[in-house]
Amino acid sequence: MNYKDLIIIGGGPSGLCAAKTALEAGISVLIIERSPHVGGQLIKQTHKFFGSKDQYAKTRGYDIATKLHKDIENLENLEILTDTTVVGLYEDHVVTVLHKDQYLRYQAGSIIVATGASEKFLAFENNDLPGIYGAGATQTLMNVYGVLPGKEVVMVGSGNIGLIVSYQLMQAGVKVKAIVEAAPTIGGYKVHASKMTRLGVPILTSTTVKKAIGTNELEAVEIVSLDKNWKEIENTSRILKIDALCISVGLTPMHQLLSMINAKMMFVSELGGFVPVIHENHQTSIPSVFVCGDAVGIEEASSAMMEGYLTGLYVGKYLNRLHPDYENLVKHYESQLSLLRDGPFGVKTKVGLTKLKEGSSHA
Amino acid sequence: MRIESHPILDFPKKQEIFFMFEGRKVSGFQGDTIASALHALGIKTLSYSIHKKRPRGFYCAIGNCASCHMIVNGIPNIRTCITPLEPNMIVQRQENKGVIK
Amino acid sequence: MLNQTGIPTLDQVLSRFPEEKALIRPKAILECYEDIPCNPCETSCPFDAIHIGPNINTQPKLDVEKCTGCGICVTSCPGLAIIVVQMKGNEAQFKIPYEFLPYPEKGQVWHGINRSGDVICDAKIDQILINKKQDHTALVMVSVPVIHMHDFVTIRVKNES
């Protein structure tokens, strides 16, 4: 069986950044990625990112993915396996994978789970009709494969993903008839919302989808207004004729491997769902298993990157292979992370992390 | 329904790939997944639900939700949204949990 | 209300405009009305005219004296929230970011659009700049009647119909 000091499950932004600081400490790293390419969800992000220079602000997402990969591809002791899915994680640190029909086993000195998140779903009548897609799915279809999801769409959800993907739909030549948001206020950055209103796309708050209409495929959607108790207001029903409905109602961490290995988990709604209880150094209740990025709480890619760099450093310390610049880098990335969470949009995350910390103190 | 021109991205012309869908010869391009190639052809229904036979398409497009299962070259439960298209693939809609022969 | 509709009020917009006498030269209008962690406008400005400071959640402030209206911040802002404006007689000349096809061409007349997405006037395309540093965000120079100076924000192509 092959031995690696560190196996990183997930080659998205968080995993790639963790690999960098770990490799710089001389640790042997294997990144396991189920897609044909590394970069995670960054590869389909065509918008310019926010944050500061450290998070590659004003760089388009797909360029950030390329940069993160370039940063590590020539470092010593790195192996990247793409088209490879982890099928088993065991308490004796054995990781089993399926790589193009081959079943392989690895022995890990330590593991970082950086599996990211998956899109949530929404319950409404006929929500299983073809033509109803996650917002991320429409992004993948357009920006990776160059295929239009439809000609006229409605976006459900006004968080950053809903607003950004709506803009990208318009750029691809798809007409966004409306953005509906069940809450009374817009969820994402107002600059993203303003980009859409300038294009003549109405953002309808306190509005939700009642049902999807169509025989074999989506043909229309019925939307209704909600009162302040989230109840449908009579006689506010409208039918919009569309051929694609994009659902953007939030992400939830992909925690399944951690549950498999029996890490202590906690449900924290502010962080998106089930997350592992972690110590300050991102260690789970299993000492050799660490976690970073969306898998431990839904935030932006900028935070996922900073968490990645930090977790790579912490793993080095755990393995007694301290990064030569450990103290400075930890201080630097921790302060970057703190800044990213400092504004009003970081409040929810901070509440969630506090709850998680309390969970850890009971461990 | 392919994107011809885009303000940010380039979509260069790629190698055409022929495959079979429900007995018809159709085509996609190098770099497509089975689901993206079918979608570009206007085919949104990928399977039928097990009990009520309701039409189903993909949802997440990154291999998480299992909505896109089809039978490919006789093998069921293939996640077509993440499976790269290859020449001469035989793709069929699935109507059950999948029979592994 | 910005939080409900995504459309800033006239008061909010006016709060970002300098005094009219300053607009004899082109000046940047920073329409960032929310604290979000972001500072490429500050770091991109070659004249040090945009100030955010160490807490990157702070909304940017323009040093009107230092601003030359060069437009680098316009194509650097990830939120496309910055435009440059100058008053020239009975016209207001703008530099706006644009990320759609077809690109406008010099001499064409497009629709002038306000922040609600409504057509308010004709917009004369004076020039369009695209270079590698702008990374696919075109900088479009456009003139509109000066009475629309506080309303105009972007352009839309006129349909053949």
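How many bridges join β8(A) to strand β15 of chain A, and in which sense do the two run? The first close-up answers that, and the others take you around the rest of this predicted model.

**Figure 1. The parallel sheet of chain A, seen around β8(A) and β15(A).** Here 3 bridges join β8(A) to β15(A) (residues 244-247), and the two strands run parallel. If you want one pair to look for, take Gly134(A), whose bridge partner in β15(A) is Ile247(A). Both strands belong to an open sheet of 5 strands in chain A, ordered β8-β15-β9-β10-β11, with parallel pairing. At the edges stand β8 (132-134) and β11 of chain A; each has a single partner strand, so one side of each is left without a neighbour in the sheet. Going from one strand to the next, the twist averages 20 degrees. Helix α3 of chain A (residues 135-144) packs on this sheet, where it touches β8, β9 (152-156) and β15 of chain A. The direction of α3(A) makes about 90 degrees with that of β8(A).

**Figure 2. Where the two domains of chain A touch.** Domain 1 of chain A is made of two stretches, 2-118 and 251-361, while domain 2 covers 121-247. Their C-alpha centres lie 31 Å apart. On the domain 1 side, 5 residues are in contact with 7 residues of domain 2. Sorted by class, that domain 1 side has 1 nonpolar, 3 polar and 1 charged residue.

**Figure 3. Chain A against chain C.** This view shows 34 residues of chain A in contact with 34 residues of chain C. Which elements of chain A each supply at least two residues to its side? They are α5 (190-198), β11 (203-205) and α8 (326-340). The largest share comes from α5(A), with 9 residues. The chain A side as a whole has 15 nonpolar, 11 polar and 8 charged residues. You have already met β11(A) in the first figure, as an edge strand of the parallel sheet.

**Figure 4. A hairpin in chain A, β17(A) to β18(A).** Strands β17 (residues 265-268) and β18 (residues 273-276) of chain A run antiparallel and are joined by 4 bridges. Phe267(A) stands opposite Phe274(A) in β18(A), a handy pair for getting your bearings. Between the two strands of the hairpin are 4 residues. Gly272(A), in the turn, has a positive phi of about 110 degrees.

**Figure 5. Chain B and its mixed sheet.** Chain B has 1 helix and 7 strands, which run β-β-α-β-β-β-β-β from the N terminus on. Its radius of gyration is 14 Å, close to the 13 Å from the globule rule for 101 residues, so chain B is as compact as a globular protein of that length. Along the principal axes, the C-alpha atoms fill a box of roughly 45 × 25 × 20 Å. Buried residues account for 37% of the chain. Of the contacts in chain B between residues at least 6 apart in sequence, 40% join residues at least 24 apart. In the close-up, 5 strands of chain B form an open sheet in the order β2-β1-β7-β5-β6, with mixed pairing. The edge strands, β2 (24-29) and β6 (75-79) of chain B, each pair on one side only. Ignoring direction, neighbouring strands of this sheet are turned by 40 degrees against each other on average. Strand β1(B) (residues 16-21) pairs with β2(B) in the antiparallel sense over 6 bridges. To find this pairing, look for Met20(B), which stands opposite Lys25(B) in β2(B).

**Figure 6. Backbone oddities at Asn77(B), Trp230(A) and Pro102(C).** Asn77(B) is not a glycine, yet its phi is positive, at about 60 degrees. Asn77(B) sits in strand β6 of chain B, one of the edge strands of the mixed sheet. Is Asn77(B) buried, partly exposed or exposed? Asn77(B) counts as partly exposed because it has 15 C-beta neighbours inside 10 Å. Trp230(A), another residue other than glycine, has a positive phi near 65 degrees. Trp230(A) lies in the loop between β13 (220-225) and β14 (238-241) of chain A, and with 11 C-beta neighbours inside 10 Å it counts as exposed. In chain C, a cis peptide bond joins Leu101(C) and Pro102(C), with omega of about 0 degrees. Pro102(C) is found in the loop between β5 (91-98) and β6 (109-114) of chain C.

Key: Residues are numbered from 1 along each chain as its sequence is written. Chains are lettered from A and ligands numbered from 1 in the order in which they are written. This is a predicted model: local features need pLDDT of at least 70, side-chain atom pairs count only at pLDDT 80 or more; totals for chains, interfaces and linings use all residues. Domain bounds come from an automatic or database domain assignment. Ala, Val, Leu, Ile, Met, Phe, Trp, Tyr, Cys and Pro count as nonpolar, Asp, Glu, Lys and Arg as charged, and the others, Gly among them, as polar. The radius of gyration is taken over C-alpha atoms; the globule rule is 2.2 Å times the number of residues to the power 0.38. A residue is buried if 20 or more other C-beta atoms lie within 10 Å of its own, exposed if 12 or fewer, and partly exposed in between; C-beta atoms are placed from the backbone. Two strands pair if DSSP finds at least two bridges between them. Axes are lines fitted to C-alpha atoms, for helices over the stretch in contact, and angles run from 0 to 180 degrees between N-to-C directions.
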